[in-house]
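Here are a few notes to read with the structure open beside you. Take them one at a time and find each residue as you go.

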Amino acid sequence: MDVSLKEWTKKCCKIGVQVGEGMYLHSLLFADDQVMIANDEEDINYMARNLAEEYRKWGLEINIEKTEYMTASPHNECEIDGRKLNKDSSFKYLSSYLQVDGIYRKEGDKRKEGGA
């Protein structure tokens, strides 16, 4: 899997959120979880398509049912191999919740509010 991620990173090295001169944040990785970061629908679909291609080379498949995406734009879609991904307004990464409105809460804060 490491080799496929390195190949994917080469293809996506200029996509994501620019964090410095010539440096882009395009993914977050932890164990078997991956978060892709893009500025627009075209970029996220490019990234998803290329990730699926790289994984297939190694006999791996992305679980579409467990894969979600989040965007600030209400009018975009993300798909892999013609199958639409589920859109969400927040997601949990490690012990923090990231939300479309840009606010994040630590897991304990979400429980205090009666959330999940």
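1. Start with valine 19, which you'll find in strand β1. Keep in mind as you look that this is a predicted model. Is valine 19 buried or exposed? Its relative accessibility is 52%, and since the cut-off for exposed is over 50%, valine 19 counts as exposed.

2. Valine 19 has company out there. Together with Val17, Met23 and Leu25, Val19 makes a nonpolar surface patch of about 330 Å². Which elements give two or more residues to this patch? They are β1 (17-20) and β2 (23-25).

3. Next, move along to strand β3, residues 27-30. β3 and β4 run antiparallel, and four bridges join them. To see the pairing for yourself, look for serine 27: it stands opposite methionine 36 in β4.

4. How many residues lie between β3 and β4 in their hairpin? There are two, and alanine 31 is in that turn. Check the backbone there, as alanine 31 has a positive phi of about 55°.

5. After β4 (33-36) comes a loop that leads to α2 (41-57), and aspartate 40 sits in this loop. Aspartate 40 has a relative accessible area of 37%, so it is called partly exposed; that label covers values between the 20% limit for buried and the 50% limit for exposed.

6. Last, colour the charges and look around aspartate 40 again. Asp40, Glu41, Glu42 and Glu79 form a negative surface patch. So you have two patches to compare on screen: the nonpolar one with Val19 and the negative one with Asp40, where being over 30% accessible is part of the entry rule.

Methods:
Residues numbered from 1 in each chain as written. Predicted model: local features only at pLDDT ≥ 70, side-chain atom pairs only at ≥ 80, totals over all residues. Heavy atoms only, no water. Patch = residues over 30% accessible without salt bridge, like charges linked within 9 Å, V, L, I, M, F, W, Y side chains within 5 Å. Areas by Shrake-Rupley, 256 points an atom, 1.4 Å probe, with all protein chains shown as cover. Salt bridge = Lys/Arg side-chain N within 4 Å of Asp/Glu carboxyl O. Lys, Arg positive; Asp, Glu negative; His and termini not counted. Charge placed at Lys NZ, Arg CZ, Asp CG, Glu CD. Buried < 20%, exposed > 50% of the residue type's maximum accessible area, 1.4 Å probe, protein only. Pairing = 2+ DSSP bridges.
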